[in-house]
Amino acid sequence: MRKSARFAATFLSVAALNAFAADLRPVKDPVKIAAVFPRAAQLRLVNVWALWCAPCVAEMPDLRAIDDAFGAEVALTGISMDDMLPDASPKPVAAFLDKNKIAFPNVYYTGNIDDLGDYLKFSGEIPITIVFDSKGKEVWRHQGRINRNQTIARLRELLRRKP
Amino acid sequence: MRKLLFIVILLFASVACTAEPVKIGAQAPAFTLVNALDGKAVAMKPADGNLKVVVFTCNQCPYAKAFEPRIIEIAKRFQQKGVRFYAVNPNDDAKYEIETLANMKARADEKEYPFPYLKDGDSAIARAYGARVTPHAFVIDGSGAVRYHGYVDDSAKPEDRKTTGLTDALNSLLNGRDVANAETREFGCTIKWKS
């Protein structure tokens with residue numbers, strides 16, 4: 001069975017057990033991450049994380065709160081790096097997102113660290129949060145765990161800057 | 001007053017930022033650290049004439065643990081060619097008991113580390129190297145110059161491996177060549193800094 005088919009089967013079986021089903025999509029080519037964002041979003045926030053990264057897991061409720069604080073003008077996407085480990089599977093990632101009721105889409109990244117690092121221009125240290133405008137221009141980045149209120153304030157400031 | 005405020009802001013900014021890794025060609029910082037395996041101090045003298053690998057790693061990071069067998073394999077292969085290996089654990093053992101010297105020894109014994117497993121108790125050596133994550137590898141030549149830093153390989157999964165950064169660097173240097181890809185993208189768990 002192809003990896004995408006296996007992924008879909010796993011995703012559907014996890015989704016069937018939960019009332020809340022997170023949006024988790026397998027992506028191998030980093031360029032395709034851009035397509036996850038709704039076109040209407042003025043600001044697009046990418047958060048790179050993994051289940052094995054303690055500060056990443058700790059900041060997930062903050063990301064949910066940030067998502068709740070805005071409407072369609074700010075769109076979030078998580079990029080799970082869990083597939084970097086041998087014997088990894090999307091199942092625990094989907095279960096974690098379901099349990100934490102993460103409504104914004106997440107990507108289960110199955111590509112190479114260099115490809116993603118080149119695409120996002122980051123060293124490889126996670127968590128990292130990067131915000132792009134609607135034209136794909138980077139407008140802010142934060143290395144390490146985010147502060148919920150400061151990030152919300154920063155996003156509001158960036159929205160005000162928009163023409 | 002304004003000048004003082006600027007200096008204070010500058011100082012705060014320098015503390016808050018993650019340091020950059022030691023530049024390629026710059027002298028590697030020397031260190032003397034306790035080896036968890038036998039409790040004895042081990043001195044790493046950068047200009048000792050030997051090719052050396054310093055890998056920042058730890059007990060708790062799944063990504064570092066995934067690379068452990070690979071690091072051991074590389075060490076065994078290149079130690080036969082005279083390369084010296086030092087594994088350095090910079091994580092705060094006051095906050096994380098798994099990183100204590102006793103637990104480091106347990107892990108090193110269990111996995112039969114063929115190199116010293118050194119405790120960087122105040123994270124000072126990791127700071128001096130500008131290490132960011134575990135695992136983060138540095139290669140130092142016999143004159144003490146840093147010749148490579150970054151990942152061990154670009155993937156912990158052998159089937160996805162495209163670039164073997166550390167191995168390539170060692171092979172190049174052993175063959176008298178410059179390292180083509182001297183800076184790669186370290187990936188792993190953020191170092192649990194001792195504050």
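What follows is a friendly conversation about how to read some features of this predicted model.

Visitor: Let's begin with chain A. How many helices and strands does chain A have?

Guide: Chain A has six helices and seven strands. Reading along the sequence, you meet them in the pattern α-β-β-α-α-β-α-β-α-β-β-β-α.

Visitor: What share of the residues of chain A count as buried?

Guide: Burial is judged by counting neighbours: a residue is buried if 20 or more other C-beta atoms lie within 10 Å of its own, and exposed if 12 or fewer do. Of the 163 residues of chain A, 37% count as buried. You can also look at how far along the sequence contacts reach. Among contacts in chain A between residues at least 6 apart, 78% join residues at least 24 apart.

Visitor: Could we try a single residue? Is Thr151(A) buried or exposed?

Guide: Thr151(A) counts as buried, because it has 21 C-beta neighbours inside 10 Å. You will find Thr151(A) in helix α6 of chain A, residues 148-161. Leaving aside residues up to four places away in sequence, Thr151(A) touches Ile66(A) and Ile146(A). The C-alpha atoms of Thr151(A) and Thr129(A) are separated by 9.8 Å, and these two residues are 22 apart along the chain.

Visitor: Now the backbone. Which residues does a cis peptide bond join in chain A?

Guide: For this feature, look at the angle omega. In chain A, Ile126(A) and Pro127(A) are joined by a cis peptide bond, with omega about 5 degrees. Pro127(A) sits in the loop between β5 (125-126) and β6 (128-133) of chain A. Chain B offers another case: the bond from Thr134(B) to Pro135(B) is cis, with omega near 0 degrees. Pro135(B) belongs to the loop between β6 (133-134) and β7 (136-140) of chain B.

Visitor: Phi is another backbone angle. Which residue other than glycine has a positive phi in chain A?

Guide: Lys101(A) is such a residue, with a positive phi of about 50 degrees although it is not a glycine. Lys101(A) lies in the loop between α4 (90-99) and β4 (106-109) of chain A. Lys101(A) counts as exposed, because it has 12 C-beta neighbours inside 10 Å. In chain B, try Ser123(B), where phi is near 60 degrees, again positive in a residue other than glycine. Ser123(B) is in the loop between β5 (117-119) and α4 (124-129) of chain B. Ser123(B) is buried, because 20 other C-beta atoms lie within 10 Å.

Visitor: How do I read a helix? Which residues are buried in helix α5 of chain B?

Guide: Check where the buried residues fall around the helix. In α5 of chain B, residues 165-174, the buried ones are Gly165(B), Leu166(B), Ala169(B) and Leu170(B). They cover an arc of only 130 degrees around the axis, so they lie on the same side of α5(B). These buried residues pack against β3 (52-56), α2, β7 and β8 (146-150) of chain B. Just after α5(B), Gly176(B) has a positive phi of about 75 degrees.

Visitor: And a sheet? In what order do the seven strands of chain B stand?

Guide: Read a sheet strand by strand, from one edge to the other. Here the seven strands form an open sheet in the order β2-β1-β5-β4-β3-β7-β8, with mixed pairing. At the edges stand β2 (41-44) and β8 of chain B; each has a single partner strand, so one side of each is left without a neighbour in the sheet. From one strand to the next, the twist averages 30 degrees. For one pair, take β4 (residues 84-89) and β5(B), which run parallel and share three bridges. In this pair, Asn89(B) stands opposite Lys119(B) in β5(B).

Visitor: Let's finish where the chains meet. How many residues does each chain give to the contact?

Guide: The contact takes 18 residues from chain B and 15 residues from chain A. On the chain B side, α2 (62-79) and β9 (188-190) are the elements that give two or more residues. Of these, α2(B) gives the most, with three residues. Sorted by class, the chain B side has seven nonpolar, four polar and seven charged residues. Strand pairing also crosses between the chains: two bridges join β5(A) to β9(B), which run parallel. There, Ile126(A) stands opposite Cys189(B) in β9(B). You have already met Ile126(A), at the cis bond with Pro127(A).

Note on methods: Residues numbered from 1 in each chain as written. Chains lettered and ligands numbered in written order. Predicted model: local features only at pLDDT ≥ 70, side-chain atom pairs only at ≥ 80, totals over all residues. Helix = DSSP H or I, 4+ residues; strand = E, 2+ residues; numbered from the N terminus. Contact = placed C-beta atoms within 7 Å. Nonpolar A, V, L, I, M, F, W, Y, C, P; charged D, E, K, R; others polar. Pairing = 2+ DSSP bridges. Arc of directions from axis to C-beta. Axes fitted to C-alpha atoms, helices over the stretch in contact; angles between N-to-C directions.
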